[in-house]
Amino acid sequence: MKKVVLPVAHPLLDEARDKLDRMVALLEEDQALRHAEYDKPDPKRRRLRVACNRCETPWCCNQRVAVEFVEALVIYRWAAEHEPLALAAAIARGDSLRRGRPLDDAEFFRRRVPCPFLIKGRCTIFPMRPHSCRSHYMGGNPLKCRDELQPNETYEMSPDRALIAEIAALADDVKFDLLIEGARPTELAELMLFVDRLLARKKTWAAPRVLDWDLAPGEE
Ligand code: SF4
Ligand code: SF4
C-alpha cells in the first residue's frame, strides 16, 4: 500500500492554505453545534427524533459517497496528518474502483460497498467528514437505511444555516483561487486517488480547468 508522505506540500494546498484552515475551523464549529443540537439535545425542546444516535450499524456508510473537490482537499490533508493508514487504504480502494467497471449509486448500495474511511464501524475522518454525511439524519427506523437507498424519513439538517452558507462560499472561493471549475470524479475513494495523483505533479495549471482523470500522471 502506498505510504502518504508528510508533510503534504504542494502549490494546490499551499495557495489555499489559509482558506482550507478556515474551512477546518468552520467544520469544527459546525460539528460542535451538531453535537449540542442533535446528538445531545435538550429533551424539553421539541425536535425531530434522531435515530442515528442509537444506531449501531451505520448502513448509510455503505454506499456511494460523493464529495466536492474542495472537500476532498480538506479531507486528504487532514487524513494525511491524522489517519495516514486509512488514507492510504482509501487511495488503494480508489485505484481498484478506477480499474473496474464504473458503478452507479444503486450498484454501490446493492453491493454494500463501504465508504473507504469506514473502519471497524467507525468513521476515521469524523471531524472532516463530507457535508453529505454530516447533514444526513434518519428520523425513522434505522433498518430502513439498510433496505432503502433513500428512505423517506431521512432528512438533511444543519444547526446553523449561516455557517453552512459560509462553508459553501469558502469552498467556492478556494475553487476560484485554484482555477477549478469542477471535478470528475466525485466518489470519495476515487477522489482521494485523484488528489494523490495531482499532488504527485509538480505544478498546477494556468487557466481554469474542469479537473478530470486526464490530468493524472501517465494519462496526460
Ligand atoms: S442514517 Fe441510518 S444507518 Fe446512518 S447512522 Fe443514521 S440511522 Fe444509522
Ligand atoms: S466519511 Fe465517515 S460518515 Fe461519511 S460515509 Fe464515510 S465513514 Fe460514513
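How many C-beta neighbours does Leu 179 have inside 10 Å, and what does Leu 179 count as?

Before we solve it, some housekeeping. This is a predicted model, where local features need pLDDT of at least 70, side-chain atom pairs count only at pLDDT 80 or more, and totals for chains, interfaces and linings use all residues. Residues are numbered from 1 along each chain as its sequence is written, while chains are lettered from A and ligands numbered from 1 in the order in which they are written.

**Exercise 1: Leu 179 and two other odd spots**

Solution.
- Step 1: find Leu 179 in the loop between α8 and β5 (helices are DSSP runs of H or I with at least four residues, strands are runs of E with at least two, numbered from the N terminus).
- Step 2: count. Leu 179 has 14 C-beta neighbours inside 10 Å, so it counts as partly exposed (buried takes 20 or more other C-beta atoms within 10 Å, exposed 12 or fewer, partly exposed lies in between, and C-beta atoms are placed from the backbone).
- Step 3: check the backbone. Leu 179 isn't a glycine, yet its phi is positive, near 60 degrees.
- Step 4: try Lys 120, in the loop between β1 (118–119) and β2 (122–123). Lys 120 isn't a glycine either, and its phi is positive at about 50 degrees. Lys 120 is exposed because just 5 other C-beta atoms lie within 10 Å.
- Step 5: look at Pro 185, in the loop between β5 and α9. The peptide bond that leads from Arg 184 to Pro 185 is cis, with omega near 15 degrees.

**Exercise 2: Describe how α3, α4 and α9 pack in pairs**

Solution. Two packed helices are described by the angle between their axes and the distance between the axes.
- Step 1: take α3 (residues 69–82) with α9 (residues 188–200). They pack at about 75 degrees, and their axes are 10 Å apart (axes are lines fitted to C-alpha atoms, for helices over the stretch in contact, and angles run from 0 to 180 degrees between N-to-C directions). α3 and α9 are therefore roughly perpendicular (65 to 115 degrees; under 35 is roughly parallel, over 145 roughly antiparallel, the rest oblique).
- Step 2: see who touches whom. Ala 72, Leu 73 and Tyr 76 of α3 meet Leu 191, Met 192 and Val 195 of α9 (contact means C-beta atoms, placed from the backbone, within 7 Å). That contact of α3 with α9 has six nonpolar, no polar and no charged residues (nonpolar: Ala, Val, Leu, Ile, Met, Phe, Trp, Tyr, Cys and Pro; charged: Asp, Glu, Lys and Arg; polar: the others, Gly among them).
- Step 3: take α3 with α4. Their angle is about 130 degrees, with axes 6 Å apart, and that makes α3 oblique to α4. Tyr 76, Ala 79 and Ala 80 of α3 make this contact with Pro 84, Ala 86 and Leu 87 of α4. By class, α3 with α4 gives six nonpolar, no polar and no charged residues.
- Step 4: take α4 with α9. Their axes come within 7 Å and cross at roughly 105 degrees, so α4 and α9 are roughly perpendicular. The contact includes Arg 93, Asp 95 and Arg 98 of α4, along with Glu 190 and Asp 196 of α9. Its residues divide into seven nonpolar, one polar and five charged.

**Exercise 3: Which residues of the largest nonpolar core touch the most other members?**

Solution.
- Step 1: in soluble globular proteins, nonpolar side chains tend to be buried together.
- Step 2: the largest nonpolar core has 39 residues, and Ala 72, Leu 73, Tyr 76, Leu 87, Met 192 and Val 195 touch the most other members (a core is a set of buried Ala, Val, Leu, Ile, Met, Phe, Trp, Tyr and Cys residues joined through C-beta atoms within 7 Å).
- Step 3: the elements giving two or more residues to this core are α2 (17–39), α3, α4 (84–99), α8 (161–177), β5 (180–183) and α9.

**Exercise 4: Which residues surround ligand 2?**

Solution.
- Step 1: Pro 58, Cys 61, Val 65, Cys 115, Phe 117, Leu 118, Cys 123, Ile 125, Arg 129, Pro 130 and Cys 133 surround ligand 2 (C-beta atom, placed from the backbone, within 6 Å).
- Step 2: this shell divides into 10 nonpolar, no polar and one charged.
- Step 3: zoom in on Arg 129, in the loop between β2 and α6 (131–134). Arg 129 is buried, because 22 other C-beta atoms lie within 10 Å. Leaving aside neighbours within four places in sequence, Arg 129 is in contact with Cys 123 and Arg 134.
- Step 4: turn to ligand 1. Its surroundings include Cys 52, Cys 55, Trp 59 and His 136, and its shell has nine nonpolar, one polar and no charged residues.

Technical notes
Contact = placed C-beta atoms within 7 Å.
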